[in-house]
Amino acid sequence: MPDSRHVLAALILPLALVLGAMGTATGAPEAPAASEAAVPDAGTPVATVEVPDAGVAEAGLVPPMPVPSRKDAPPLTRVRTLSRKEDLLSRAKLRKDGRLVVPGPEGEATLTIDPTLQEQLTRIMQDYQVPYGAAVVIEPSTGRVLALAEHSQAQPDLRGLTTRAVFPAASIFKIVTGSALLEAGVSPDEEACFHGGKRRIDERLLEDSTRDGACYSLAAALGKSANVIFAKMTKKYLAADALRRMAARMRFNRPISFPIPTDVSLASIPDDEFGLAEAGAGFGDVYLSPLHGAALAAASATGVWRDPVLFEPTPGAPPPSGEQVLPPEVQRALADMMEQTVKNGTARRIFRERAFRVPGAVGKTGTLADKSPFHDYSWFVGFAPKDHPRVAVAAIVVNDPLWRIRGTWLGREAMRLALERLPAPPQAVAAKTAPPAAEPAVAEKAAPASAAPTVAEKAAPASSEPVVAGKSVPTSAESSVAEKAATLSVQTVAGKAAPAVVEPAVAGKSTPSIVEPAVAGKATTPAVQPAVTLPAPSKPEGQEEDDESEEGTVEMTAPAGLAKPPQP
């Protein structure tokens, strides 16, 4: 009789061979060959900076991939367009009730997008021929996305800029730093003194000096985007881990759930003292998508993070849950600080154009430039009204050395037009004295086209010629008069949208305007929509002394009107 051990071995050996064969067949697939690997996307760096140790377990404290070096490998140079399948807006159709829908496995799905607002913002960027631009509008209380507008004169076929984190966050990151400082117990009235640091920071500027000629509070420093003060306060009050945690709460280094593919906004927060100070001031390797920028503004407005929503919920569905990311007292202090940007800071001039003011607006600007190739990035993120937020916006414009509009101007228009599109809140309806057919009551809203032009508070050069899409705007014009407003007019011919024409407003004469909603890059045939009045940018040749200017930003001296329009 054979030994039982031999019998057992004889049974186990074939079983092991069978299991080994199964493991080979069902194991992890081999990595694709180099020729089959995916083409690097904008989020895949060529040159990178080191990321913190991955020993921490909490989401967002470590970037999920190497962070591109802004100076060596700006991601915008490698941005790719969305595929047809990914680009939901290009596949959307306008329903008879004026809503955009996309086909789905269970029937049509209704988008939250406001077609008219989407068209208005897209036409602005088209008419002013921005090389790269995007504007996103969100309803803070629900996360509903009301507009995802974009345009690229440099790459006309490029789609998807609203969800691509290929733009340096620049001073928009001061919102994160300011939140961390407030949570660390720093008062908005805490003062620091400084000199220099407008375009770059070095270690000497972080030490108190007899050369320090200006002192700002933390609130004023956010409004005026004082880089050195933010760097000094970051060095004095924040550890790298504290800034990383606040950035992670605000969804940096974390995926954002959205139906359209959305890049992770990467943020590198170094451990070394000077690198940390640079990052806190907005000079670090930190990237932001416009969609994330608008969601960041919405979180600043409510203290609650809500993932952006693109599809209308089914009737009776519970509202989407949110995460409290800012304590109420921190959120209120942050809103007060962001108000300084509009009242006394870097966005003051743009928001003081009398016919185009936005009551209760708060926000943050950001500017930065790449040198090779040259790209001038200008941001605005914010919300309005401050005490009862109804819209949150983010706008980014990437310009060449000569330009027509910048991000603050586009952000102001996104905020203003969005508020005009929303129904009046109950308290505004009760206090309203205009006839029922009038527009929703908004304080200091734009005067109707039939009225005489309003004299600007500050005389600024105005265009002597009407602004026409595809034509540069001369800056030599009469002084001491109001800036001429332009009215966007879109005519519909046999169901086909004609090219946009921008006509000058004439005193005492109304200028009819028809704006039709459109699917991105696609003509539609909806009902007539309200007129839209667009101001001409008052000084397109460059930044004024109140405008923010940081590292690498070139002060413009040649009038934009002398620039030749881009060739088609």
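In the predicted model, three strands form an open sheet in the order S3-S4-S5, with antiparallel pairing. Strand S3 (93–94) and strand S5 (107–110) stand at the edges of this sheet; each has a single partner strand, so one side of each is left without a neighbour in the sheet. Strand S3 is joined by 2 bridges to strand S4 (residues 100–104), and the two run antiparallel. Within this pairing, Leu94 stands opposite Leu100 in S4.

The chain as a whole contains 13 helices and 21 strands. It has 568 residues, of which 52% count as buried. Of the contacts between residues at least 6 apart in sequence, 69% join residues at least 24 apart. The accessible surface of the chain amounts to about 25,400 Å², and carbon and sulfur atoms account for 57% of that area.

A second antiparallel pairing involves S9 and S10, which are joined by 4 bridges. In a regular strand the side chains alternate between the two faces of the sheet. Strand S9 shows such alternation: Ala192 and Phe194 point to one face and are buried, whereas Glu191 and Cys193 point to the other face and are not buried. The bridge partner of Cys193 in S10 is Cys215.

The structure holds 1 disulfide. This disulfide is formed by Cys193 and Cys215, with their sulfur atoms 1.8 Å apart. The angle about the S-S bond is 95 degrees, and the link of Cys193 and Cys215 is right-handed. Cys193 lies in strand S9 and Cys215 in strand S10, so the pair ties together parts that are 22 residues apart in sequence. Cys193 counts as partly exposed, at 26% relative accessibility. Cys215 also counts as partly exposed, with a relative accessibility of 38%.

Aromatic pairs number 5 in the structure. One of them consists of Phe194 and Tyr216, a tilted pair with 5.3 Å centre to centre and 55 degrees between the planes. This pair links distant parts of the chain, with Phe194 in strand S9 (residues 191–194) and Tyr216 in strand S10 (residues 214–217), 22 residues apart. Phe194 is buried, with a relative accessible area of 14%. Tyr216, at 23% relative accessibility, counts as partly exposed. Strands S9 and S10 are therefore linked by the disulfide of Cys193 and Cys215 as well as by the aromatic pair of Phe194 and Tyr216.

In a further aromatic pair, the ring centres of Phe351 and Phe380 are 5.3 Å apart and the planes stand at 40 degrees, so this pair is tilted. Phe351 lies in helix H11 (residues 348–351) and Phe380 in strand S15 (residues 374–384), so the pair ties together parts that are 29 residues apart in sequence. Both Phe351 and Phe380 are buried.

Charged side chains also sit over aromatic rings. The charged end of Lys174 sits over the ring of Phe230, at 5.8 Å from the ring centre. The charged end of Arg406 sits over the ring of Trp403, at 5.3 Å from the ring centre.

Phe380 is also one of the residues touched by Gly411; the others are Val393 and Ala395, not counting residues up to four places away in sequence. Gly411 lies in helix H12 (residues 407–421) and is buried, with a relative accessible area of 0%. The C-alpha atoms of Gly411 and Ala135 are separated by 7.1 Å, although these residues are 276 residues apart along the chain.

Thr341, in helix H10 (residues 328–343), is likewise buried, with a relative accessible area of 0%. Not counting residues up to four places away in sequence, Thr341 touches Leu222, Gly223, Thr346, Ala347, Arg348, Gly363, Lys364 and Thr365.

In helix H7 (residues 240–249), the buried residues are Ala240, Leu243, Arg244, Met246, Ala247 and Ala248. The buried residues of H7 pack against helix H4 (174–183) and helix H8 (273–281). Just after H7, Arg251 takes a positive phi of about 75 degrees.

Key: Residues are numbered from 1 along each chain as its sequence is written. This is a predicted model: local features need pLDDT of at least 70, side-chain atom pairs count only at pLDDT 80 or more; totals for chains, interfaces and linings use all residues. Side-chain values use heavy atoms; hydrogens and water are left out. Buried means under 20% relative accessible area, exposed over 50%, partly exposed in between (1.4 Å probe, protein chains only). Contact means heavy atoms within 4.5 Å. Accessible areas come from the Shrake-Rupley method with a 1.4 Å probe; for residues, only the protein chains shown count as cover. Two strands pair if DSSP finds at least two bridges between them. Rings of Phe, Tyr and Trp (its six-membered ring) pair if their centres lie within 6.5 Å; planes under 30 degrees apart count as stacked, over 60 as edge-to-face and the rest as tilted. A charge sits over a ring if NZ of Lys or CZ of Arg is within 6 Å of the ring centre and within 35 degrees of the ring normal. A disulfide is a pair of cysteine sulfur atoms within 2.5 Å.
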